[in-house]
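Q: Could you teach me how to read a few features of a folded chain, one at a time? I would like the general idea first and then the case at hand.

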Amino acid sequence: MMAARYFGLELDPVDFRLGQGETVPSPAALSAWAQEAGMWSRALRLKWRNLFATAGAGPVVLLFNDGSAGLLTGANPEAKIVLIRDPRAPEADPPVAVDEMRLAEVWSGEAVLLRAERSQAEADPPFTLRWLIGMVLKEGKHLRDLMIASFTISLLTIFPPVLTMQVVDRVLSHHSYSTLTLISLILLTCIVFETLLGYARRIIILIVGVRTDAKLNLHIFNRLVRLPLDYFERHPAGETMYRISQINQVRQFITGKLMATLLDLMTLAVLLPFLFWLNSTLAWVVLVCATAIMLIIVAYLRPIRMIFAKVMAAETMKSAALGETIFGIKTVKALALEPQRKSLWDERVADVGKWRLAMGLLSNWPQTLVTPIERFMWMGIIMLGAYLALSSDTGYEVGGLFAFMMLSQRVSAPLVGLARLIEEWEEVGGAMSQAGEVLNRPLEDAASTGVRPKFAGAVSFQDVTFTYAGTKLPALDRISFEIPAGTMLGLVGRSGSGKSTVTRLLQGINREYSGFLKIDGADLRSINLRHLRSNFGVVLQENFLFRGTIRENILAGRPGLTLEDAIRAARLAGAEEFIERMPNGYETYIEEGSPNLSGGQRQRLAIARALITDPRILILDEATSALDPESEALVNANLARIARGRTMFIVSHRLSSLVDCDLIMVLERGKLLDIGPHEALLERCSVYRTLWNQQNRHMYKEGHGHAALAPTLIQGS
Ligand code: ADP
């Protein structure tokens, strides 16, 4: 943390995660911690002489054999000493000068290097075919082996035909048994070599493929989760998933077809000169035929590409329909919308079928046209070869014809493969742009930029105006207010008045506002996004619980937290009593969508999860709106305790649950009407008074004494 502070970054010990089976922080784990926080960091082994070179560029963390650490802050090569600071020593103490002997006693070379900023290029290359190919090419050593293996295999393929030629010409005409034996032995050796090399080649391709896959998947996910929420709100999940899955097609193409064809072309480079040497007339026949085939395929590329774009579009729509139905299945069933969904699906399927058929019909043509040429090439060589042999005065040998026939097939295959490759290149380009459509959007720069102040929780809005993209009226219109740290602020207003938008701006979900938004006096835009959000606790009306135990859900994978923390958070959220009544307590397993929990229980778990990090600012956005009165009363009773020591933003349309707030803010069509405590608002704000009366009149009419039962007619009124 001291080293990071030198570069102006605060590392949070809560984020630190020990590696598997470690008791003492390893260099790798420390380095990963710094990288998480957006720094550049490497764990490595240094030698004594390296220390002089590294010491100039900022402090280096040295990990000592006993599990402690020191900070290398300087070095003096002339005096042969390095300066090391003990992190536990008082700040004012000077660093200790150490020589090689003394250092070697406690240090065996483990070190962590840190820099403030990782280079932009390393962190965020745009997602293009070139980048992908570059990634494959990074497997340099494997690819070199692959080339060597393939080249050797190509050479080996020449041997059998040449030897067959010898058999036909020499052995048969001279009845030479010894030559036959020799040739057989050579052939046998060739076969053994080819088998072994083929085996090795396939393994290399496999390894390169698997490694690329893993890297690619990590990269994709990393980008995906850093897309702004905005994107996910505008695009159905099914569509995104389909687009992303297109990557696999691209990857398979690069490490499969593309690589195979390139290797085949290498064979061609070896074979073609040899064919011309054998017989140039026949070689020309092969070359002309193969070129004709290529031309035919190329001619069809453009029309096929156009239809293919339609196929892709239809497929995307189809996936979106499927995804929507699955994610909205509760609504579908509840409203008996199955027939409508089904007919939508039918339409989408029919659409895909139509375009796939069209594409199939079109791409049938080049295949059909190519077949006769392929056949002609094959048969033509035999006929022409026989003719040449018959009419040759120089005694053209039949063996040569045999060899030529065996080899010519190897020539046409790579050429046709190349043409098909160009065709497929189009598809892959399509797939690539599908994936790029998702992955090449501007990302939230969560990790690396911005300051990381310690929050107290004072919030101020100055003339904040915000309009959602694609809408005309501003969702927030020149909002200005200021609250000190520890305030419990209620937000009320009709549906659509901008309450949630206030909380969204605070969390940095939407950043294109005008005016100033400050937390503890620091401009929101200058604050590191991840730092900002990890200082917020947010509970929404609908909260997603992940598959896992209750404990895991409350901790949500945050490192450095224990069951005790989970219990404390659960108690604060009023969730403790029901968790303890569960058959397995905190180890009770929650399925996806949490069917084994009631709405109230789910909500209290969500509150516990939001409280686990003890956030300075807590946002409850209609968090209790969907609860039954009893659960709501339970949560509300805890609100005062929950609020202790933090700023709270409570959005609720039930005014009764906000009476105890320090301040209540009344919004109306994006404008701030008034802000003040309940009593004051009741007196001076007519909108507030109307809302209050509406809710309470109902309460009295229905004869319920409990405020939480007040019906909620103001929504959408
Ligand atoms: P409230 O929380 O008070 O119900 P919101 O803050 O959600 O209101 O919405 C304020 C206005 O902004 C509404 O008119 C709403 O239609 C619009 N709005 C909210 N979210 C989005 C969004 N993601 N995209 C476009 N418009 C939005």
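A: Let's start with what a helix packs against. The buried residues of α19 pack against α18 (550-555), α20 (576-581), α21 (599-611) and α22 (629-643). Contact here means heavy atoms within 4.5 Å, and helices (H or I, at least four residues) and strands (E, at least two) are DSSP runs, numbered from the N terminus. This is a predicted model, where local features need pLDDT of at least 70 and side-chain atom pairs count only at pLDDT 80 or more, while totals for chains, interfaces and linings use all residues. Residues are numbered from 1 along each chain as its sequence is written, and side-chain values use heavy atoms, with hydrogens and water left out.

Q: Which residues of helix α19 are buried?
A: A general idea helps: an α-helix has 3.6 residues a turn, so residues three or four places apart point the same way. In α19, which spans residues 563-573, the buried ones are Asp565, Ala566, Ala569, Ala570, Leu572 and Ala573. They fall within an arc of 160° seen down the axis of α19, so they line one face of the helix. That arc is taken from the directions from the helix axis to the C-beta atoms. Buried means under 20% relative accessible area, exposed over 50%, and partly exposed in between (1.4 Å probe, protein chains only).

Q: What does the face of α19 turned away from its buried side carry?
A: That face carries the exposed residues Glu564 and Arg568. Just after the helix comes Gly574, whose phi is positive, near 75°.

Q: How do I read a single buried residue, and what is Thr261 in contact with?
A: Look at where the residue sits, then at its partners. Thr261 is found in helix α10 (residues 237-278), and it counts as buried at 7% relative accessibility. Leaving aside neighbours within four places in sequence, Thr261 is in contact with Pro414, Gly417, Leu418 and Leu421.

Q: Now strands, please. How many bridges join β3 to β4?
A: In a regular strand the side chains alternate between the two faces of the sheet. Two strands pair if DSSP finds at least two bridges between them. Strands β3 (residues 69-76) and β4 (residues 81-85) run antiparallel and are joined by five bridges. Leu72 stands opposite Ile84 in β4. The hairpin of β3 and β4 has four residues between the strands, and Lys80 takes a positive phi near 55° there. On to the next partner: three bridges join β4 to the antiparallel strand β5 (residues 96-98), with Leu83 opposite Ala97.

Q: Which residues have the most contacts inside the largest nonpolar core?
A: A nonpolar core is a set of buried Ala, Val, Leu, Ile, Met, Phe, Trp, Tyr and Cys residues joined through side-chain atoms within 4.5 Å. The largest one has 48 residues, and Ile554, Ile579, Leu605 and Met648 have the most contacts inside it. Helix α21 gives the most to this core, with six residues. Apart from it lies another core, of 38 residues, among them Ile204, Leu224, Leu263 and Phe308.

Q: And how many salt bridges does a search of the whole structure find?
A: Side chains of opposite charge can pair when their charged atoms come close. A salt bridge is a side-chain nitrogen of Lys or Arg within 4 Å of a carboxyl oxygen of Asp or Glu. The search finds 23 of them. In one, Arg494 and Glu668 meet at 3.1 Å, N to O. Arg494 lies in the loop between β9 (488-493) and α16 (499-506) and Glu668 in strand β17 (residues 663-668), so the pair ties together parts that are 174 residues apart in sequence.

Q: Is Arg646, a salt-bridge partner of Asp614, buried or exposed?
A: Arg646 counts as buried, at 4% relative accessibility, whereas Asp614 is partly exposed at 42%. Their closest N and O atoms are 2.7 Å apart.

Q: Last one: how many aromatic pairs are there?
A: Rings of Phe, Tyr and Trp (its six-membered ring) pair if their centres lie within 6.5 Å; planes under 30 degrees apart count as stacked, over 60 as edge-to-face and the rest as tilted. By this rule the count is seven. The rings of Phe276 and Trp284 have centres 5.3 Å apart and planes at 85°, so this pair is edge-to-face.
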